[in-house]
Amino acid sequence: MKYIGIIPARYSSTRLPGKPLAMIGDKPMIQHVCERASRALPEVWVATDDQRIADAVTAFGGSVMMTSQNHRTGTDRCAEVAMKIAGEDDVIINIQGDMPFISPESIKLLCDCFSDPLTDIATLAAPFARAEDMQVRHKVKVLVEDDGWVYNFSRTPLKKGTAGMDDPEDWMAKNFKHIGLYGYRYETLMRITKLPQSQSELAESLEQLRWLANGYRIKCAIIPEDTISVDTPEDLLKAIQFNKDNTH
């Protein structure tokens with residue numbers, strides 16, 4: 001079994017166009033992500049539909065593959081590349097291109113989920129740094145069972161309606177911030193990209209709800225703390241400052 005990292009990267013972004021090419025220090029964001037992923041995985045590819053991104057990846061020595069412009073999700077883009085480079089026994093690691101400081105250790109922890117033969121899909125989560133962040137809609141919540149399997153995802157805090165979860169402090173403590181990295185066994189990736197959208201997915205705009213609705217279980221590894229995601233110009237300024245503060 002081989003682990004292959006794929007980083008879906010689009011140029012179009014409503015809040016921050018050209019995001020993968022935004023400079024953080026002396027490197028574009030996509031280069032930061034590639035370099036960190038390459039410290040955890042033996043093979044890393046960027047999947048993009050934009051020649052500007054492809055040219056930038058080639059310029060810093062990364063591996064890139066052009067994909068269709070018609071994909072609805074990063075998962076679909078990963079699947080197109082996986083069909084060309086992966087084998088049936090491989091695991092595909094879908095790494096978000098807007099996480100320039102994702103730690104190699106977190107990626108390795110995601111890979112470790114597949115030591116369990118029952119794991120077909122895996123993801124990451126982290127504790128919320130502040131209680132008020134749990135009420136922010138774009139910070140996706142994931143409720144994780146004690147055995148590490150996902151109970152549900154939502155944009156609002158989740159409560160499991162069973163005995164032992166009636167105390168608000170208890171169920172709030174079970175909510176983690178979802179970190180949007182995924183791992184999939186190759187055959188599972190090929191199947192889930194063919195599934196029709198579910199009502200829960202359409203209501204929440206979360207593709208992982210489609211997988212749960214179709215009976216797939218998702219293993220979740222908990223990392224110690226959140227990582228910086230760049231979604232807005234303000235996030236980019238924070239990332240630039242973080243890089244400056246942590247570059248020696």
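**Group meeting: strands, a helix and three loop residues in a predicted model**

In strand β11, Ile218 is the bridge partner of Ile121. I begin with this pair and shall work outwards from it.

First, the basis of what follows. This is a predicted model, in which local features need pLDDT of at least 70 and side-chain atom pairs count only at pLDDT 80 or more, whereas totals for chains, interfaces and linings use all residues. Residues are numbered from 1 along each chain as its sequence is written, and side-chain values use heavy atoms, with hydrogens and water left out.

The two isoleucines belong to a parallel pairing of β7, residues 121-126, with β11, and five bridges make up that pairing. Two strands are said to pair if DSSP finds at least two bridges between them. Helices (H or I, at least four residues) and strands (E, at least two) are DSSP runs, numbered from the N terminus. Strand β11 spans residues 218-222, and four of its five residues are buried. Buried means under 20% relative accessible area, exposed means over 50%, and partly exposed lies in between, with a 1.4 Å probe and protein chains only.

I turn now to β4. This strand covers residues 43-48. Because five of its six residues are buried, β4 is largely enclosed by the rest of the structure. With β1 it pairs in the parallel sense over six bridges, and there Glu43 of β4 is the bridge partner of Ile4. With β5, residues 63-66, it also runs parallel, joined by four bridges. In that second pairing, Met66 of β5 stands opposite Thr48.

What of helix α1? It runs over residues 29-38 and is mostly covered, with seven of its 10 residues buried. The buried positions are Met29, Ile30, Gln31, His32, Val33, Cys34 and Ala37.

Next, the loops. Pro42 lies between α1 and β4 and counts as exposed because its relative accessibility is 67%. Its C-alpha atom is 8.3 Å from that of Lys2, although 40 residues separate the two along the chain.

Thr14 sits in the loop between β1, residues 3-9, and β2, residues 23-24. Its relative accessible area is 81%, so Thr14 is exposed. The C-alpha atoms of Thr14 and Asp231 are separated by 9.2 Å, with these positions 217 residues apart along the chain.

Which value does phi take at Ser205? It is near 55°, positive in a residue other than glycine. Ser205 is placed in the loop between α7, residues 199-204, and α8, residues 208-213, and it is exposed at 55% relative accessible area.

Finally, the protein as a whole. Its secondary structure comprises nine helices and 11 strands. A compact globule of 248 residues would have a radius of gyration near 18 Å, and the 18 Å of this protein agrees with that. That radius is taken over C-alpha atoms, and the globule rule is 2.2 Å times the number of residues to the power 0.38. The C-alpha atoms fill a box of roughly 55 × 40 × 30 Å along the principal axes. Of the 248 residues, 53% count as buried. Taking contacts (heavy atoms within 4.5 Å) between residues at least 6 apart in sequence, 68% join residues at least 24 apart.
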